[in-house]
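Subject: Structure handover

Hello,

Here is the structure for you to look at. My notes on what turned up in it follow below.

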Amino acid sequence: MAGQQELQVQQKREVDKAQEPTTPMRAFLPTADIFENEDALTVVLEMLGVDRNNVDVSVENGVLTVEGRINFGKYEGMQPVYSEYNVGPYRRSFRISNRVDQDKIKAEMSDGVITLVLPKAEEAKPRRIEVR
């Protein structure tokens, strides 16, 4: 089919260290899918092992930041025998334009997946113009 892109699964990646970290552990970049319709952008991030009480979503200076912390207590006393899943906090930031109504951003989390709805500002929405 022409124009159709094949989706590929990405490996878990560590956050690029542009600044010095203040925590003594690696942070991981959650995988993201972004969808758009006439009214909003929807961002879906996978943060497995993160409880909704350990998620922070903020907007500052046009940057939307999502951080999720793992509760390491459930791993206490366990010794890994084999591991493909790196355990650690998640962090991802997105620069958003003034076409997003920042005061109306909503977040919902279920089963390790956070869904952010970024409503478009009224002036950014498509509209019909009456011809006279």
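Four strands form an open sheet in the order 3-4-9-8, and their pairing is antiparallel. Strand 3 (32-36) and strand 8 (106-110) are the edges, each pairing on one side only. From one strand to the next, the twist averages 15°. Strand 4 and strand 9 run antiparallel and are joined by seven bridges. To find your place in that pair, look for A40, which stands opposite P119 in strand 9.

Please keep in mind that this is a predicted model. The mean pLDDT of the chain is 82. Of its residues, 81% reach 70 or more. Confidence varies among the elements: strand 9 (residues 113-119) has the highest mean pLDDT, at 96. The lowest belongs to strand 1 (residues 13-14), at 58.

Next, the hairpin. Strand 5 (residues 50-60) pairs with strand 6 (residues 63-70) in the antiparallel sense, over seven bridges. V50 stands opposite I70 in strand 6. Two residues lie between the strands of this hairpin, and N61 takes a positive phi near 55° there.

G49 sits in the loop between strand 4 (40-46) and strand 5. Is G49 buried or exposed? Neither: its relative accessible area is 34%, so G49 counts as partly exposed. Leaving aside neighbours within four places in sequence, G49 is in contact with I70, K74 and Y85. I70 is also the residue that stands opposite V50. P89 is 40 residues away from G49 in sequence, yet their C-alpha atoms are 9.4 Å apart in space.

Two residues of strand 6 deserve a look. Start with T65, which has its place in that strand. Its relative accessible area is 17%; the cut-off for buried is under 20%, so T65 counts as buried. Which side chain does the T65 side chain meet in a polar contact? That of S93, at 3.2 Å. Not counting residues up to four places away in sequence, T65 touches D56, V57, S58, R92 and S93.

V66 is found in strand 6 as well. At 0% relative accessibility, V66 is buried. Leaving aside neighbours within four places in sequence, the contacts of V66 include L45, M47, V55, Y90, I114 and L116. D56 and V57 are among the contacts of V66, and T65 touches D56 and V57 too. The C-alpha atoms of V66 and F94 are separated by 8.8 Å, although their positions lie 28 residues apart along the chain as a sequence distance.

Last, the core. How many residues does the largest nonpolar core have? It has 18. M47, I114, L116 and L118 are those with the most contacts inside it. Strand 4, strand 5, strand 6, strand 7 (90-95) and strand 9 each supply at least two residues of this core.

L116 is a good residue to display. Not counting residues up to four places away in sequence, L116 touches L41, T42, V43, L45, V57, L64, V66, K106 and A107. V66 in turn has M47, I114 and L116 among its contacts, and these three are also named among the core residues with the most contacts.

Best wishes

Note on methods. Residues numbered from 1 in each chain as written. Predicted model: local features only at pLDDT ≥ 70, side-chain atom pairs only at ≥ 80, totals over all residues. Heavy atoms only, no water. Pairing = 2+ DSSP bridges. pLDDT = per-residue confidence, 0-100. Buried < 20%, exposed > 50% of the residue type's maximum accessible area, 1.4 Å probe, protein only. Contact = heavy atoms within 4.5 Å. Axes fitted to C-alpha atoms, helices over the stretch in contact; angles between N-to-C directions. Polar contact = N/O pair within 3.5 Å; in protein donor to acceptor, adjacent residues only side chain to side chain. Core = buried A, V, L, I, M, F, W, Y, C linked by side-chain atoms within 4.5 Å.
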